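Student: Could you take me through one part of this model up close? I'd like to see how its pieces fit together.

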Amino acid sequence: MKSGMDKTERIEADSDGPAVRQWSEKQDIALRLWATLSRCYATCSRAMAAQVQEYDLTTPQFVILEALHHLGPLPLGELAEKLLVTGGNVTYLMDRLESRGLVARDRSADDRRVVLARLTAEGRGLVSKVFPDHIGRMEHLSRHLTDQEQRELSALLKKLGMGISRQDL
């Protein structure tokens with residue numbers, strides 16, 4: 001028997017039935033947590049994607065525009081880190097946004113090796129139009145939790161993410 005297992009039933013190899021659970025209660029709680037987080041994230045992502053598509057944007061494109069709007073010009077590498085994507089993905093997204101005239105890339109005056117992403121006037125105008133709708137949509141989708149529950153969930157998710165980041169990555 002494996003360590004941590006408290007269910008020991010065997011599954012017949014030719015059985016058509018569902019697999020018998022062979023994990024501990026603690027493992028079951030963790031599994032359900034990750035399944036719930038994944039489903040919630042997928043549902044929220046679909047809801048947000050539908051909203052930004054109204055402006056002919058993908059969610060990753062909107063995230064770049066939003067980051068540049070709130071943080072100002074950023075090096076492409078830093079933008080990739082903030083968005084948790086690869087540099088190649090940022091380049092692809094920037095190419096699409098630049099072709100629409102929403103962003104521009106400039107060499108840093110301090111270090112010519114660094115390429116900065118920035119919003120154009122057209123990009124600022126679009127984000128200024130989209131962001132209030134985006135905030136309203138987030139507030140609307142969050143209405144299923146009280147303000148206190150939203151604060152508690154944010155704190156718990158931050159605790160989980162920081163713990164994993166510090167100890168497991």
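Tutor: Happily. Let's begin at isoleucine 64, bearing in mind that this is a predicted model. Setting aside its neighbours within four places in sequence, isoleucine 64 is in contact with Leu79, Leu83, Leu93, Met94 and Leu97. Ile64 also belongs to the largest nonpolar core, which has 25 residues. Within that core, the residues that touch the most other members are Leu57, Ile64, Leu65, Leu68, Leu79 and Met94. Two or more residues each come from helix 2, helix 3, helix 4, strand 3 and helix 5 (121–141), and helix 2 gives the largest share, five residues.

Now let's turn to helix 4, one of those contributors. Its buried residues are Val90, Leu93, Met94 and Leu97. Viewed down the helix axis, these buried residues fall within an arc of 105°, so they line one face of helix 4. A general rule is handy here: an α-helix has 3.6 residues a turn, so residues three or four places apart point the same way. On the other side of helix 4, Gly88 and Ser99 are exposed. What do the buried residues of helix 4 pack against? Their partners are helix 2 (59–71), helix 3 (76–83), strand 2 (103–107) and strand 3 (115–119).

The length of helix 4 can be checked too. Helix 4 has 13 residues (87–99), and at 1.5 Å a residue these should span 18 Å; the end C-alpha atoms are 18 Å apart, so the two agree. Just after helix 4, glycine 101 takes a positive phi of about 80°.

That leaves the sheet. It is an open sheet of three strands in the order 1-3-2, with antiparallel pairing. Strand 1 (74–75) and strand 2 stand at the edges with a single partner strand each, so one side of each has no neighbour in the sheet. Strand 2 and strand 3 run antiparallel and are joined by five bridges. Across this pair, arginine 107 stands opposite valine 115 in strand 3. Helix 2 packs on the sheet, where it touches strand 1, strand 2 and strand 3, and its direction makes about 90° with that of strand 3. Helix 4 packs on the sheet as well, touching strand 2 and strand 3, with its direction at about 120° to that of strand 2.

To return to where we began, Ile64 is in contact with Leu93, Met94 and Leu97, among others, and those three are among the buried residues of helix 4.

Note on methods. Residues numbered from 1 in each chain as written. Predicted model: local features only at pLDDT ≥ 70, side-chain atom pairs only at ≥ 80, totals over all residues. Heavy atoms only, no water. Helix = DSSP H or I, 4+ residues; strand = E, 2+ residues; numbered from the N terminus. Expected span 1.5 Å × (residues − 1). Buried < 20%, exposed > 50% of the residue type's maximum accessible area, 1.4 Å probe, protein only. Arc of directions from axis to C-beta. Contact = heavy atoms within 4.5 Å. Core = buried A, V, L, I, M, F, W, Y, C linked by side-chain atoms within 4.5 Å. Pairing = 2+ DSSP bridges. Axes fitted to C-alpha atoms, helices over the stretch in contact; angles between N-to-C directions.
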